[in-house]
Amino acid sequence: MRNIADCIIPLILCAIFLYGLLHGVNIFDSFLEGAKEGISTSFGILPALVALMTCIAMFNASGALDILTNALRPICEAIGFPPETIPLALLRPISGSGALAIYENLLSNYGPDSFVGKVASVMQGSTETTFYTIAVYYGAVKVKKTRHTVPSALSADLTGFLMSVVAVRLLLL
């Protein structure tokens, strides 16, 4: 099985190359055209990404994450949500790398087999970096009005966070 997995990507690349040759496509020019489009797309979404990263840094540096965590702690304890995972739930929709740092910290402090570690693991796998994804995809196609995207995506994230606790309690304890 490992040998098959090692060969998949080279086989796909060879198939694309052969398809281009059989259909008379200038493969190198097509590659350069795609690379040009990729670079122009990257430059188009760069302002949104810089703004997002600046906001994340300001959010962490201001202490707002700690204030929000402490404010939500009683509610989370009342519903059985592990309060240690609140920073992960708050940062996950905003920043994948920030959430990953918090996740790694949770695993090193509580262990991967603890309740907190299991809930954090399910959270990481069942939620999205909502604002990053919106910035990248909407920025790439130059959509300025997100309409119902943000509330819908944040509702899905909240559902993922709450169901992470439920799933761990039902399936992994």
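**Close-up views of helix packing and selected residues**

**View 1. Packing of helix 5 against helix 6 in the predicted model.** In helix 5, the residues Ala 99, Leu 100, Tyr 103, Leu 106, Leu 107 and Tyr 110 meet Val 116, Gly 117, Ala 120, Ser 121 and Gln 124 of helix 6. By class, this contact between helix 5 and helix 6 comprises 8 nonpolar and 3 polar residues, with no charged residues. Helix 5 covers residues 96-110 and helix 6 covers residues 115-126, and the two pack at an angle of about 160 degrees with their axes 9 Å apart. Helix 5 is therefore roughly antiparallel to helix 6, and the crossing of the two helices is left-handed.

**View 2. Surroundings of Thr 85, in the loop between helix 3 and helix 4.** This loop lies between helix 3, residues 64-79, and helix 4, residues 86-91. Thr 85 counts as buried because its relative accessibility is 0%. When its neighbours within four places in sequence are left aside, Thr 85 is in contact with Leu 106, Val 116, Val 119, Ala 120 and Met 123. Among these partners of Thr 85, Leu 106 of helix 5 and Val 116 and Ala 120 of helix 6 also take part in the contact shown in View 1.

**View 3. Surroundings of Leu 65 in helix 3.** With a relative accessibility of 11%, Leu 65 counts as buried. Its contacts, leaving aside neighbours within four places in sequence, are with Phe 59, Asn 60, Pro 87, Leu 90 and Ile 102. Leu 65 and Leu 88 are 23 residues apart in sequence, and their C-alpha atoms are 10.0 Å apart in space.

**View 4. Surroundings of Thr 127, in the loop between helix 6 and helix 7.** Thr 127 counts as buried, because its relative accessibility is 8%. A polar atom of the Thr 127 side chain lies 2.6 Å from the backbone oxygen of Met 123, a residue that is also in contact with Thr 85 in View 2. Not counting residues up to four places away in sequence, Thr 127 touches Arg 92, Asp 157, Gly 160 and Phe 161.

**View 5. Packing of helix 7 against helix 8.** These two helices pack at an angle of about 145 degrees, with their axes 10 Å apart, and helix 7 passes helix 8 in a right-handed crossing. Thr 130, Phe 131, Ile 134 and Tyr 138 of helix 7 make the contact with Thr 149, Val 150, Ala 153, Leu 154 and Asp 157 of helix 8. By class, the contact of helix 7 with helix 8 has 6 nonpolar, 2 polar and 1 charged residues. Asp 157, which belongs to this contact, is also one of the residues touched by Thr 127 in View 4.

**View 6. Arg 147, in the loop between helix 7 and helix 8.** Although Arg 147 is not a glycine, its phi is positive, at about 50 degrees. Arg 147 counts as exposed, because its relative accessibility is 66%.

**View 7. Leu 173, in the segment after helix 8.** Helix 8 spans residues 149-172, and Leu 173 has its place in the segment that comes after this helix. At 65% relative accessibility, Leu 173 counts as exposed. Leu 173 touches Phe 115 and Val 168, not counting residues up to four places away in sequence. The C-alpha atoms of Leu 173 and Thr 159 are 20 Å apart in space, and the two residues are 14 residues apart in sequence.

Note on methods: Residues are numbered from 1 along each chain as its sequence is written. This is a predicted model: local features need pLDDT of at least 70, side-chain atom pairs count only at pLDDT 80 or more; totals for chains, interfaces and linings use all residues. Side-chain values use heavy atoms; hydrogens and water are left out. Axes are lines fitted to C-alpha atoms, for helices over the stretch in contact, and angles run from 0 to 180 degrees between N-to-C directions. Helices (H or I, at least four residues) and strands (E, at least two) are DSSP runs, numbered from the N terminus. Angles under 35 degrees count as roughly parallel, over 145 as roughly antiparallel, 65 to 115 as roughly perpendicular and the rest as oblique. A crossing is left-handed if the near helix is turned anticlockwise from the far one by less than a right angle, and right-handed if clockwise. Contact means heavy atoms within 4.5 Å. Ala, Val, Leu, Ile, Met, Phe, Trp, Tyr, Cys and Pro count as nonpolar, Asp, Glu, Lys and Arg as charged, and the others, Gly among them, as polar. Buried means under 20% relative accessible area, exposed over 50%, partly exposed in between (1.4 Å probe, protein chains only). A polar contact is a pair of N or O atoms within 3.5 Å; within protein, one must be able to donate a hydrogen and the other to accept it, and residues adjacent in sequence count only if both atoms are side-chain atoms.
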